[in-house]
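Reader: I would like a close look at one part of this protein, taken slowly and with the surroundings filled in afterwards.

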Amino acid sequence: MYVKIMKEMKILAICGSPKRGNTYSVLNMIKENYPNIDFKILMLNEINLKQCKGCYTCISKSEQYCPLKDDRDMIINEILEADGVIFASPVYVNQVTSLMKNFMERFGYEAHRPRYYDKYAMVMAVCAMFGAKETNEFMKGIFGTFGFNVVSSLELEIALNSEKEKKYVHEKTMKEFNNFITSIKNKQKNTPTMGDLVRFNIFKSISKLNKEYFEADYQYYKENPRFPLEASDSDKKEAKKTASNMINEFMKVRL
Ligand SMILES: Cc1cc2nc3c(=O)[nH]c(=O)nc-3n(C[C@H](O)[C@H](O)[C@H](O)COP(=O)(O)O)c2cc1C
């Protein structure tokens with residue numbers, strides 16, 4: 001008899017390494033240590049994700065009109081089905097790999113119309129010595145603009161493959177992954193920063209000012225009751241109060 005085992009959570013790991021090397025091994029270690037989690041590793045080098053052509057069609061018209069026909073929508077569906085996503089990249093020349101960067105470019109329209117507010121993310125950078133912190137900061141910023149709650153970040157240095165190093169990698173990884181799943185279980189959402197709000201409102205306002213060019217953005221904001229295009233009277237009053245408080249604070253420092 002076939003019995004479907006219900007896993008407690010679904011995690012998708014998107015790996016930007018061009019091989020099943022160190023970054024893959026760390027992800028696989030998590031998978032093996034958490035049999036109760038439906039854990040899927042998606043290797044960007046093993047799927048068909050073509051290089052962004054820079055035509056702006058996804059931004060202006062809609063992502064559904066992207067001229068590149070490949071596995072992009074499969075990735076979107078996997079993300080939508082997951083409770084949490086791990087964005088993992090080795091550090092190549094101080095940054096994410098070109099595979100991970102292309103993934104970001106292909107999903108760049110999400111910064112205009114962020115929709116992953118209910119998803120949790122962890123960023124993971126694997127280096128030999130330097131650059132993991134900067135790489136994670138970069139990924140955190142980008143995936144945050146796509147709407148993800150980036151609640152966890154893991155930086156690993158792997159160089160020697162000694163027993164001591166393996167122990168360090170195992171302990172650090174398990175601790176951080178545990179924090180990640182705890183944040184998901186507790187529905188621990190990020191509070192947007194002032195920068196996040198400014199960028200979000202700029203994209204929203206521009207879509208209203210240039211409805212023809214930013215057709216997809218305009219439709220998105222028009223149809224989404226969560227982000228009304230027109231501010232309510234109480235929101236306008238609140239914004240005015242905040243602005244005048246900010247000006248007063250600024251004057252105190254400057255004068
Ligand atoms: C082209 C290239 C550039 C690299 N640049 C860096 C770097 O800037 N800083 C660093 O600490 N390690 C660097 N490394 C080492 C890798 O980050 C490290 O070996 C990592 O564990 C590789 O992960 P992978 O096996 O998943 O590809 C580089 C490796 C390659 C191939």
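In what sense do β4 and β5 pair, and over how many bridges? Please begin there, and then place that pair within the rest of the model.

Author: This is a predicted model, and what follows describes it as such. Strands β4 and β5 pair in the parallel sense, and their pairing runs over eight bridges. Within this pair, Y120 stands opposite N149 in β5.

The pair belongs to an open sheet of five strands, which follow one another in the order β2-β1-β3-β4-β5 with parallel pairing. At the edges stand β2, residues 37–43, and β5, residues 149–157; each has a single partner strand, so one side of each is left without a neighbour in the sheet. From one strand to the next, the twist averages 15 degrees.

The ligand brings β4 back into view. It is surrounded by 18 residues, of which S17, G21, T23, P90 and C127 are the closest. Two elements, α1 (22–33) and β4 (120–127), give two or more residues each to this shell, and α1 supplies the largest share, namely three residues. By class, the shell is made up of eleven nonpolar residues, six polar residues and one charged residue.

Looking at the protein as a whole, the domain assignment gives domain 1 as residues 9–185 and domain 2 as residues 194–254. The C-alpha centres of these two domains lie 30 Å apart, and the contact between them involves seven residues of domain 1 and nine residues of domain 2. On the side of domain 1 that touches domain 2, there are no nonpolar residues, while five are polar and two are charged.

A further part to examine is the packing of helix α7, residues 194–209, against helix α8, residues 215–223, where the axes are 8 Å apart and meet at an angle of about 110 degrees. Angles of 65 to 115 degrees count as roughly perpendicular, and α7 and α8 are therefore roughly perpendicular to each other. From α7, the residues that make this contact are F203, K204, S207 and K208, and from α8 they are D217, Y218 and Y221. Sorted by class, the contact of α7 with α8 has three nonpolar residues, one polar residue and three charged residues.

To return to your starting point, β4 is paired with β5 in the parallel sense, and β4 is also among the elements that give two or more residues to the shell around the ligand, whereas β5 stands at an edge of the sheet with a single partner strand.

Terms used
Residues are numbered from 1 along each chain as its sequence is written. This is a predicted model: local features need pLDDT of at least 70, side-chain atom pairs count only at pLDDT 80 or more; totals for chains, interfaces and linings use all residues. Domain bounds come from an automatic or database domain assignment. Two residues are in contact if their C-beta atoms, placed from the backbone, lie within 7 Å. Ala, Val, Leu, Ile, Met, Phe, Trp, Tyr, Cys and Pro count as nonpolar, Asp, Glu, Lys and Arg as charged, and the others, Gly among them, as polar. A residue is near a molecule or strand if its C-beta atom, placed from the backbone, lies within 6 Å of it. Helices (H or I, at least four residues) and strands (E, at least two) are DSSP runs, numbered from the N terminus. Axes are lines fitted to C-alpha atoms, for helices over the stretch in contact, and angles run from 0 to 180 degrees between N-to-C directions. Angles under 35 degrees count as roughly parallel, over 145 as roughly antiparallel, 65 to 115 as roughly perpendicular and the rest as oblique. Two strands pair if DSSP finds at least two bridges between them.
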